[in-house]
Amino acid sequence: MPDVTEAEQETARTPTATAPDLVALEQEGEIAADYIEGLLDIADIDGDIDMDVEGDRAIVSVVGVKGGDLTGKHGEVLEALQELTRLAVHRQTGERSRLMLDVGGFRERRRAELTKLGVKIADDVKRSGEPKPLQPMTPFERKIVHDAVAAAGLRSESEGEEPNRFVVVMPA
């Protein structure tokens with residue numbers, strides 16, 4: 001039998017960070033889809049629901065919806081619906097949900113816009129050498145900008161208090 005180090009023995013005894021529980025994430029998606037379907041019925045809004053799992057979160061998308069009634073001017077209605085949906089999931093599972101809700105592709109369009117913004121601001125900061133603060137954003141939006149800035153080789157920080165928390169892009 002080969003020699004096993006103490007660290008290897010500890011690793012064998014300790015559960016490691018494993019892949020997300022796909023069954024639990026699918027259950028979250030089902031609960032969320034049922035909740036959103038109920039809301040759509042109450043509001044008499046037509047739309048189809050798609051479910052997926054990306055990484056460690058369930059993704060529920062309402063597709064085929066016309067207008068911005070379920071997103072709001074800057075996504076504020078969508079954010080509220082997502083929080084209500086997460087609460088509905090939590091009520092049934094007892095677990096905190098990181099579920100992502102999208103309506104009419106709003107989040108995907110916003111992700112593309114913010115990625116482009118992050119790259120542009122990173123280029124501006126590289127040129128000027130000066131830190132650049134951005135407008136307040138949601139946690140979802142800040143994460144996208146942070147990722148784009150990091151990919152451009154710079155660093156960024158979030159400052160301020162919710163709901164006025166914002167990203168500051170720093171020179172290298």
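**Two sheets and their helices**

Five bridges tie strand 5 to strand 6, which covers residues 166-170. The two strands run antiparallel. That is a good place to enter this model, which is predicted.

Look at one position in this pairing. Which residue of strand 6 stands opposite S158? The residue facing S158 is V167. Find S158 and V167 in the structure, and you have a fixed point on strands 5 and 6.

Now widen the view. Strands 5 and 6 belong to an open sheet of three strands. Its order is 4-6-5, and the pairing is antiparallel. Strand 4 (132-136) stands at one edge and strand 5 (155-159) at the other. Each has a single partner strand, so one side of each is left without a neighbour in the sheet. The strands are not parallel lines on a flat page: on average, neighbours here are turned by 20° against each other, direction ignored.

A helix goes with this sheet. Helix 5, residues 139-151, lies across strand 4, strand 5 and strand 6. Its direction makes about 160° with strand 5. Within helix 5's stretch of residues sits F140. The charged end of R107 sits over the ring of F140. The distance to the ring centre is 4.8 Å. How many aromatic pairs does the whole structure hold? A search finds zero.

Next, the loop between strand 5 and strand 6. P163 lies there. A cis peptide bond joins E162 to P163. The omega angle of that bond is about 5°.

Move on to the other sheet. It is open too, with three strands in the order 1-2-3. Its pairing is mixed. Which strands stand at the edges? They are strand 1 and strand 3 (100-103). Each of these has a single partner, so one side of each lacks a neighbour in the sheet. From one strand to the next, the twist averages 20°.

Strand 1 and strand 2 are joined by seven bridges. Strand 2 spans residues 57-63, and these two strands run antiparallel. One bridge to look for links I49 with V62 in strand 2. Helix 2 packs on this sheet and touches strand 1, strand 2 and strand 3. The direction of helix 2 makes about 160° with that of strand 1.

Follow the chain out of helix 2. A loop lies between helix 2 (22-43) and strand 1 (48-54), and D44 is in it. D44 has a positive phi of about 55°, although D44 is not a glycine. Is D44 buried or exposed? D44 is exposed, with a relative accessible area of 67%.

Finally, step back to the whole chain. There are five helices and six strands. Starting at the N terminus, the elements run α-α-β-β-α-β-α-β-α-β-β. Trace that order in the structure, and you will pass through the sheet 1-2-3 and the sheet 4-6-5. The chain has 172 residues, and 33% of them count as buried. Its exposed area is about 11,000 Å². Carbon and sulfur atoms supply 53% of that area. Contacts also reach along the sequence. Take those between residues at least 6 apart: 55% of them join residues at least 24 apart.

How values were computed: Residues numbered from 1 in each chain as written. Predicted model: local features only at pLDDT ≥ 70, side-chain atom pairs only at ≥ 80, totals over all residues. Heavy atoms only, no water. Pairing = 2+ DSSP bridges. Helix = DSSP H or I, 4+ residues; strand = E, 2+ residues; numbered from the N terminus. Axes fitted to C-alpha atoms, helices over the stretch in contact; angles between N-to-C directions. Contact = heavy atoms within 4.5 Å. Phe/Tyr/Trp six-rings, centres within 6.5 Å; stacked < 30°, edge-to-face > 60°. Lys NZ or Arg CZ within 6 Å of the ring centre and 35° of its normal. Buried < 20%, exposed > 50% of the residue type's maximum accessible area, 1.4 Å probe, protein only. Areas by Shrake-Rupley, 256 points an atom, 1.4 Å probe, with all protein chains shown as cover.
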